[in-house]
Amino acid sequence: MQAALRLARAASVRDEIPVGAVVVADGQTLGEAHNETVQRRDPTAHAELLALQRALQTVGEDRLLLATLYVTLEPCAQCAGAIVLAKVGRVVFGAYDGRCGMAGSVYDLLRNPRTNHRPEVVGGLMAEECGDILKRFFLVKRGGL
């Protein structure tokens with residue numbers, strides 16, 4: 001999660017919503033990214049999606065069954081769908097997202113029994129640190145700091 005936090009901080013410096021994601025298997029980083037929606041002018045360029053794409057390229061497969069995705073914010077519907085499709089083995093996230101979270105906050109797409117894959121999910125790892133980065137970012141954006 002420390003690597004994902006580092007990426008989230010890098011996103012903030014680039015005026016991106018500070019979310020970072022890292023895909024790891026057997027102690028090796030397969031892919032990592034932070035949000036790039038502003039830079040790419042693409043609302044789908046979320047950290048999880050970009051990290052998954054890079055990890056899939058690294059392994060040369062269409063599945064990440066033995067991988068863990070670490071992400072600083074609970075995945076949204078788009079990212080949860082990509083996680084299911086890529087068959088990620090485990091998802092560990094930091095801050096819960098009461099507005100868009102699809103790993104238990106708003107809905108639980110990742111563990112829905114009707115999907116063809118359900119990763120192990122661990123939420124709340126370093127939640128305070130992950131949430132603080134987001135809170136500070138939006139305080140600055142809204143003129144609070």
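**Met 126**

I started in the loop between β5 (120-123) and α5, which is where Met 126 sits. This is a predicted model, so I'm reading local features at pLDDT of at least 70. Met 126 is not a glycine, yet I find a positive phi of about 55 degrees there. Buried or exposed? Neither: its relative accessibility is 21%, so I put Met 126 down as partly exposed. The cut-off for buried is under 20%.

Next I looked up what Met 126 touches beyond four places in sequence, and got Met 1, Gln 2 and Leu 5. Met 1 is 125 residues away along the chain, but the two C-alpha atoms are 7.6 Å apart.

**Gly 123**

I stepped back to strand β5, where Gly 123 is found. With 31% relative accessibility, Gly 123 goes into my notes as partly exposed. Setting aside residues up to four places away, Gly 123 touches Phe 93, Gly 94 and Tyr 96. I also checked Gly 123 against Leu 30: they are 93 residues apart along the chain, and their C-alpha atoms are separated by 21 Å.

**Helix α1**

Gln 2 and Leu 5 took me to α1, residues 2-13. I tested its length first. Twelve residues at 1.5 Å each should span 16 Å, and the end C-alpha atoms are 17 Å apart, so the helix agrees with expectation.

Which residues of α1 are buried? I list Ala 4, Leu 5, Leu 7, Ala 8 and Ala 11. They cover an arc of only 160 degrees around the axis, so they lie on the same side of α1. That pattern is familiar: with 3.6 residues a turn in an α-helix, residues three or four places apart point the same way. On the other side of α1 I find Gln 2 and Val 13 exposed.

I then asked what covers the buried residues of α1. The cover includes three strands, β1 (20-25), β2 (28-34) and β3 (68-73), along with the helix α5 (127-141). Just past the end of α1, I noted that Asp 15 takes a positive phi of about 65 degrees.

**α1 against α5**

I took the α5 part of that cover further. The axes of α1 and α5 come within 11 Å and cross at roughly 5 degrees. The two helices are therefore roughly parallel to each other, the cut-off for that being under 35 degrees. From α1 the contact uses Leu 5, Ala 8, Arg 9 and Ser 12, and from α5 it uses Glu 129, Cys 130, Ile 133 and Phe 137. I sorted the contact residues by type: five nonpolar, one polar and two charged. Leu 5 and Ala 8 come up again here, having already been listed as buried.

**α4 and Lys 87**

My last stop was α4, residues 77-85, where I have Cys 79, Ala 80, Ala 82, Ile 83 and Val 84 as buried. Among the elements covering them are α3 (47-59), β3 and β4 (90-95). Strand β3 is also part of the cover on α1.

What comes just after α4? I find Lys 87 there, with a positive phi of about 55 degrees, although Lys 87 is not a glycine. Lys 87 lies in the loop between α4 and β4. Its relative accessible area is 16%, so I count Lys 87 as buried. Met 126, also with a positive phi of about 55 degrees, came out partly exposed.

Definitions and conventions:
Residues are numbered from 1 along each chain as its sequence is written. This is a predicted model: local features need pLDDT of at least 70, side-chain atom pairs count only at pLDDT 80 or more; totals for chains, interfaces and linings use all residues. Side-chain values use heavy atoms; hydrogens and water are left out. Helices (H or I, at least four residues) and strands (E, at least two) are DSSP runs, numbered from the N terminus. The expected span of a helix is 1.5 Å times one less than its number of residues. Buried means under 20% relative accessible area, exposed over 50%, partly exposed in between (1.4 Å probe, protein chains only). The arc is that of the directions from the helix axis to the C-beta atoms. Contact means heavy atoms within 4.5 Å. Axes are lines fitted to C-alpha atoms, for helices over the stretch in contact, and angles run from 0 to 180 degrees between N-to-C directions. Angles under 35 degrees count as roughly parallel, over 145 as roughly antiparallel, 65 to 115 as roughly perpendicular and the rest as oblique. Ala, Val, Leu, Ile, Met, Phe, Trp, Tyr, Cys and Pro count as nonpolar, Asp, Glu, Lys and Arg as charged, and the others, Gly among them, as polar.
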